[in-house]
Amino acid sequence: MADVMVMKEIEETADRLGIDLASLDLDAIRVPPGQDFGIASDDEDLHQGDNVELDTGFGNIIIVDNLPVVPREKFEKLEGVIRKIYSQIGLIKDDGLWMPIDPETNKTSGYCFIEFNTPLEAELAREKTNGYKLDRSHIFAVNMFDEFDTFMKVPDEWAPPESKPYTSGENLQQWLTDEKARDQFVIRAGSDTEVLWNDARHLKPEPVYKRAFWTESFVQWSPLGTYLATVHRQGSAVWGGASTFNRLMRYAHPQVKLIDFSPGERYLVTYSSHEPSNPRDANMVVINIFDVRTGKVMRDFKGSADEFSIGGTGGVTGVSWPVFRWAGGKEDKYFARIGKNVISVYETETFSLIDKKSLKIENVVDFSWSPTDPILSIFVPELGDHPARVSLMQIPSKDELRQKNLFSVSDCKMYWQSNGDYLAVKVDRYTKTKKSTYTGFELFRIRERDIPIEVFELENKNDKIISFAWEPKGHRFAVIHGDNPRPDISFYSMRSANNTDKVKKLTTLKGKQANALFWSPAGRYIILAGLKGLNGQLEFYNVDELETMATAEHFMATDIEWDPTGRYVATAVTSVHEMENGFNIWSFNGKLLYRILKDHFFQFLWRPRPPSFLSPEKEEEIAKNLKKYSKKYEAEDQDVSLLLSEQDREKRRMLKDEWEKWLNEWKRLHEEEKLERQKLRHGEVSDEEEEYEAKEVEVEEILDVTEEVISFEE
């Protein structure tokens, strides 16, 4: 693949040729037909295969069929009804509604053409009104005008599709077979995106693939690490391969802003937002759900931003993201979104609502899925005399498994443990005076009979909760509580010595400079981090032994991410800060392994790993016999250590040779200047200072003489 010329090289070439880039319209430059100047295009495959259908310019026109057939005297009334229906969806152009009349009967023909201001409004009109029931005899059939030719080309007789010979694809999990058991990560800095191995043994990263202008905004790994997704103005793409990164599929979605994978990587959700025709209206939103392997759109959703703005934790233009939340597990069977007083749950077999209707839940504001099971946790705040409540619902049966009423609630957040064993509900409650709040937890034990709930409060329930985090695959949780800048950190276990359903306190660390918690994916170890205003303070803590392993600092660190195995940790300073951009790689116990500085550093992402195929029993057996399995790797580590020692000795030898070379050169110059020094010493030969006697000589020099006549008066 030809290297892409980066902007710096373009500027240098322009300076050499005396060209002012500021005066050029680069978008207006057109390459002569058939010329590529040696730069291969990513879009070559678009020109192969079927002929490309050109845009006819009628994308903003729809055809509405199955209208009533009426005489001329009822024409205006029917037109008014149609205009009233469709003007609620988008802006109809002047003279943009045309209803043909049959000249023989002098009646309408039963269909009409409507021209909207934008293609997006036309698509939304089709989405909203296809199948609309005007009355018992007239149900709208709405199609895009651009699709008319496609329908006309459908043959009268069915012909079987042409079968293509099977070609085996690449092993997209090849990277998992690395003999050194290394993990990969992707970084973005400047215009470059790089995938690298984390070679901790050699204390440096090893390049895998690098590409300039690979994405126009960000990159994202799929949840199991199979694909790397890039985002472009025309849509999104996924990349992967055995030895390099080839483009596997494209997903056309103009002006896409956000993407999200389903947990099992079967589907990709893309999102875009578009300015409305009327500035007073909300932005128009388009969401597509693609099949990752085929690139087919399985379902699309269109509407105003207001329709997608409820729930969620972040997004753009008022829309919460992700709009759709997927049920846990690799099956990707269900996904859901929240609306006004409803939760809409869809199944992926037909991409339609379960039981063809949404769950009606008055005043619902938030929900979340269990990470492993089709169970919804739902929060409904207080409404009138009805208390707030958290409930668990089984999908698809919609059976309520458990419910807990809550009183005097100010706010509520739900935290699932990674295995779906526990659910923590953090509840902020008003005091009796309503002037302040305090925090407690409702802890659900999902796997136990009847799902028992324990009310849990800190020793000082008025402490502010700064952060909460479950131990992955474990039974412990950590809480940062108290007042900044030195709050306390407490650790608790859902298990107790006598197996009672009581939370057990493990320890409290007093006065720590921390505001964030980062558990190892394997549990046991945690990083107590002070980000943002705390300037990147790091404490590596062993929860099994309840002891600090190391303390460190990565000044101005903005991001912390464990690798998927829990062996290494990356801390990064991204371009939100202008200085010290780059990343550090640490061992799990807080030893700094290597540091990489990168200007304009934007992203660091470890490549996820799929779940292990080993059974829990096999993993336990390996842990018990770790010494037997580790002999091979200890020998390899020793070889690498010897190699590094040899490299270090070679480096020191080179430095010594360089020093001796410089010293010999200095001696040669010293010898060449011997006669000159002898001349300056008036014939004295020796350079040894001890052979000379130092004498102090005072030299007086008259700088100025002034005479002044002074008169004396008697």
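What follows is a short tutorial dialogue on reading a predicted model of one protein chain.

Q: Where do I start: how many helices and strands are there in the protein chain?

A: Start by counting the pieces. In this predicted model, the protein chain has seven helices and 47 strands.

Q: How do I read the radius of gyration of the protein chain against the globule rule?

A: Put the two numbers side by side. The radius of gyration is 36 Å, while the globule rule gives 27 Å for 714 residues, so the chain is more spread out than a compact globule. You can also look at the spans: along its principal axes, the C-alpha trace covers about 135 × 95 × 80 Å.

Q: What share of the 714 residues is buried?

A: Buried means under 20% relative accessible area. By that cut-off, 39% of the 714 residues in the protein chain are buried. As for the outside, the chain exposes about 44,300 Å², and carbon and sulfur atoms supply 50% of that area.

Q: Which residues have the most contacts inside the largest nonpolar core?

A: Here's the general idea: in soluble globular proteins, nonpolar side chains tend to be buried together. In this chain the largest nonpolar core has 25 residues, and those with the most contacts inside it are Ile62, Val64, Ile82, Tyr86, Ile114 and Phe116. Several elements each supply at least two residues of this core, including β1 (61-65), β5 (111-116) and α3 (119-129). The largest share, five residues, comes from α2.

Q: What does Ile82 touch?

A: Skip residues up to four places away in sequence, and Ile82 touches Leu67, Leu97, Met99, Cys112 and Ile114. Apart from the largest core lies another one, of 18 residues, with Leu258, Val269, Ile287 and Ile289 among them.

Q: Which residues of α3 are buried?

A: A handy idea for any helix: an α-helix has 3.6 residues a turn, so residues three or four places apart point the same way. In α3, the buried residues are Leu120, Glu121, Ala122, Leu124, Ala125 and Thr129. Just after α3, take a look at Gly131, which has a positive phi of about 90 degrees.

Q: In what order do β35, β36, β37 and β38 sit in their open sheet?

A: Follow the pairing from strand to strand. The order is β35-β36-β37-β38, and the pairing is antiparallel. The edge strands, β35 (465-470) and β38 (504-509), each pair on one side only. From one strand to the next, the twist averages 15 degrees. Inside the sheet, six bridges join β36 (residues 476-481) to β37 (residues 488-493), and Ile480 stands opposite Ile489 in β37.

Q: Which are the edge strands of the sheet β31-β32-β33-β34?

A: Look for strands that pair on one side only: here they are β31 (409-416) and β34 (453-456). This is an open sheet of four strands with antiparallel pairing. Its neighbouring strands are turned by 20 degrees against each other on average, direction ignored. Four bridges join β33 (residues 437-445) to β34, with Phe444 opposite Ile453.

Q: Loops next. Is Val543 buried or exposed?

A: Check its relative accessible area: at 2%, Val543 is buried. You'll find Val543 in the loop between β41 (537-542) and β42 (547-553). Leaving aside neighbours within four places in sequence, Val543 is in contact with Arg476, Phe491, Trp519, Arg524 and Ile526.

Q: How many residues apart in sequence are Ser277 and Phe116?

A: Compare sequence with space here. Ser277 and Phe116 are 161 residues apart in sequence, yet their C-alpha atoms are 9.5 Å apart. Ser277 sits in the loop between β17 (267-274) and β18, and is partly exposed, with a relative accessible area of 22%. Setting aside residues up to four places away in sequence, Ser277 touches Leu91, Asn117, Thr118 and Glu121.

Q: Where is the cis peptide bond of Pro396?

A: Read the omega angle of the bond. The cis bond joins Ile395 and Pro396, with omega about 10 degrees, and Pro396 lies in the loop between β29 (388-394) and β30 (400-406). The bond from Asn484 to Pro485 is cis too, with omega near 5 degrees. Pro485 is in the loop between β36 and β37.

Q: What phi does Asp450 have?

A: Asp450 has a positive phi of about 65 degrees, although it is not a glycine. Asp450 is in the loop between β33 and β34 and counts as exposed at 62% relative accessibility. Met556 also has a positive phi of about 65 degrees, but Met556 is buried, with a relative accessible area of 16%.

Methods. Residues are numbered from 1 along each chain as its sequence is written. This is a predicted model: local features need pLDDT of at least 70, side-chain atom pairs count only at pLDDT 80 or more; totals for chains, interfaces and linings use all residues. Side-chain values use heavy atoms; hydrogens and water are left out. Two strands pair if DSSP finds at least two bridges between them. Axes are lines fitted to C-alpha atoms, for helices over the stretch in contact, and angles run from 0 to 180 degrees between N-to-C directions. The radius of gyration is taken over C-alpha atoms; the globule rule is 2.2 Å times the number of residues to the power 0.38. Buried means under 20% relative accessible area, exposed over 50%, partly exposed in between (1.4 Å probe, protein chains only). Accessible areas come from the Shrake-Rupley method with a 1.4 Å probe; for residues, only the protein chains shown count as cover. A nonpolar core is a set of buried Ala, Val, Leu, Ile, Met, Phe, Trp, Tyr and Cys residues joined through side-chain atoms within 4.5 Å. Contact means heavy atoms within 4.5 Å.
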